[in-house]
Amino acid sequence: MNIVDHYLAGLRQAMPPEPLAELALASGASAAQLDSLRQAYPLCPDSLLRLLAQYNGTYYQKYAGGTVLVYMLGSDVFEYPYYLSSVEQILEDRQANQRSIADIYGHYLEDDPGIVDARIDAGIQQGQRLCFSHCMNNGGSSRLYVDFTPAASGKVGQVVRFLHDPDNYQVIADSFDAYLQMLIDDNYGFLIEDNFE
């Protein structure tokens, strides 16, 4: 069983009945949609493509059976569950994020080097990272990225978590596969009851 099938099997077992029924309305991205994502991000992980081929987004995503709004991802910040972005949302984020972390924070990066993990290149445009997930309040507090242009000490394909207030960019996994495995190992801890009330 590949990591995505393993992840989804465990997710469906751990998920409460109501969001699970809603998730059943979702379908996967088309081959053309996945190709457009590959063109924008040639190094897009196969496991992320496989996940999107099962579910093309869970944030107010319209499907034939209805609109889906379901948390299906987490991070190292357990109070924040995350939605899976659709291919269209990922490409929109790419266009909307032309500034770099250095552009956004300027001299604050020198004043507080803890804002950015040393494995992250603060000089590249944010849109060069693939934003695959926004947290429960639509990304205002946290987003997740696959980073293809890391700093020298980082790894191509590492997963970066942005957290707001205090702002912080942190590598939370060396790859998308390792990220999914982290969530499996944490027993889908983001699916706490408080997040579904």
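**View 1. Helix H8 and the elements that cover it.** The buried residues of H8 are covered by elements that include H1, H4, S4, S5, S6 and S7. This is a predicted model. Six residues of H8 are named here as buried: Phe-176, Tyr-179, Leu-180, Met-182, Leu-183 and Ile-184. H8 lies across four strands, S4, S5, S6 and S7. Against S7 it runs at about 85°. After H8 comes Asn-187. The phi of Asn-187 is positive, near 55°.

**View 2. Helices H1 and H8 side by side.** Two packed helices are described by the angle between their axes and the distance between the axes. Here the helices are H1, residues 3–14, and H8, residues 176–185. Their axes come within 10 Å and cross at roughly 25°. Angles under 35 degrees count as roughly parallel. H1 and H8 are therefore roughly parallel to each other. The crossing of H1 past H8 is left-handed. From H1, the contact takes in Ile-3, Val-4, His-6 and Tyr-7. They meet Asp-177, Leu-180, Gln-181, Leu-183 and Ile-184 of H8. By class, this contact has 6 nonpolar, 2 polar and 1 charged residues. Leu-180, Leu-183 and Ile-184 also appear among the buried residues of H8.

**View 3. The five-stranded sheet.** Strands of a sheet pair through backbone hydrogen bonds, either parallel or antiparallel. This open sheet has 5 strands in the order S3-S4-S5-S6-S7, and the pairing is antiparallel. S3 and S7 are the edge strands, each pairing on one side only. On average, neighbouring strands are turned by 30° against each other, direction ignored. Helix H4, residues 46–54, lies across S3, S4 and S5. H4 runs at about 80° to S3. H8 crosses the sheet too, lying over S4, S5, S6 and S7.

**View 4. Strand S6 and its two partners.** How many residues of S6 are buried? The count is 6 of the 6, residues 158–163, so the strand is largely enclosed by the rest of the structure. In a regular strand the side chains alternate between the two faces of the sheet. Gln-158, Val-160 and Phe-162 point one way from S6. Val-159, Arg-161 and Leu-163 point the other way. S5, residues 142–147, joins S6 through 6 bridges, and the two run antiparallel. One residue pair in this ladder is Arg-143 and its bridge partner in S6, Phe-162. S7, residues 168–173, pairs with S6 over 5 bridges, also in the antiparallel sense. There Val-160 stands opposite Val-171 of S7. The hairpin of S6 and S7 has 4 residues between the strands. In this hairpin, Asp-165 takes a positive phi near 60°.

**View 5. Ile-120, a buried loop residue.** Ile-120 sits in the loop between helix H7 (108–111) and S4. Is Ile-120 buried or exposed? Its relative accessible area is 5%, and buried means under 20%. Ile-120 is therefore buried. Leaving out residues up to four places away in sequence, Ile-120 touches Ile-101, Arg-129, Asp-147, Ala-151, Gln-158, Val-160, Tyr-169, Gln-170 and Val-171. Val-160 and Val-171, which stand opposite each other in S6 and S7, are both on this list. Lys-155 is 35 residues away from Ile-120 in sequence. The C-alpha atoms of Ile-120 and Lys-155 are 9.1 Å apart.

**View 6. Helices H3 and H5 side by side.** H3 spans residues 31–40 and H5 spans residues 87–96. Their axes come within 10 Å and cross at roughly 25°. That makes H3 roughly parallel to H5. H3 passes H5 in a crossing that is left-handed. Which residues meet? H3 brings Gln-33, Leu-34, Ser-36, Leu-37 and Ala-40. H5 brings Val-87, Glu-88, Ile-90, Leu-91 and Arg-94. By class, the contact divides into 6 nonpolar, 2 polar and 2 charged residues.

**View 7. Pro-81, another buried loop residue.** Pro-81 lies in the loop between strand S2 (66–68) and strand S3 (82–84). Pro-81 is buried, and its relative accessible area is 0%. Tyr-71 is 10 residues from Pro-81 along the chain. Their C-alpha atoms are separated by 5.9 Å.

Note on methods:
Residues are numbered from 1 along each chain as its sequence is written. This is a predicted model: local features need pLDDT of at least 70, side-chain atom pairs count only at pLDDT 80 or more; totals for chains, interfaces and linings use all residues. Side-chain values use heavy atoms; hydrogens and water are left out. Buried means under 20% relative accessible area, exposed over 50%, partly exposed in between (1.4 Å probe, protein chains only). Two strands pair if DSSP finds at least two bridges between them. Axes are lines fitted to C-alpha atoms, for helices over the stretch in contact, and angles run from 0 to 180 degrees between N-to-C directions. Angles under 35 degrees count as roughly parallel, over 145 as roughly antiparallel, 65 to 115 as roughly perpendicular and the rest as oblique. A crossing is left-handed if the near helix is turned anticlockwise from the far one by less than a right angle, and right-handed if clockwise. Contact means heavy atoms within 4.5 Å. Ala, Val, Leu, Ile, Met, Phe, Trp, Tyr, Cys and Pro count as nonpolar, Asp, Glu, Lys and Arg as charged, and the others, Gly among them, as polar.
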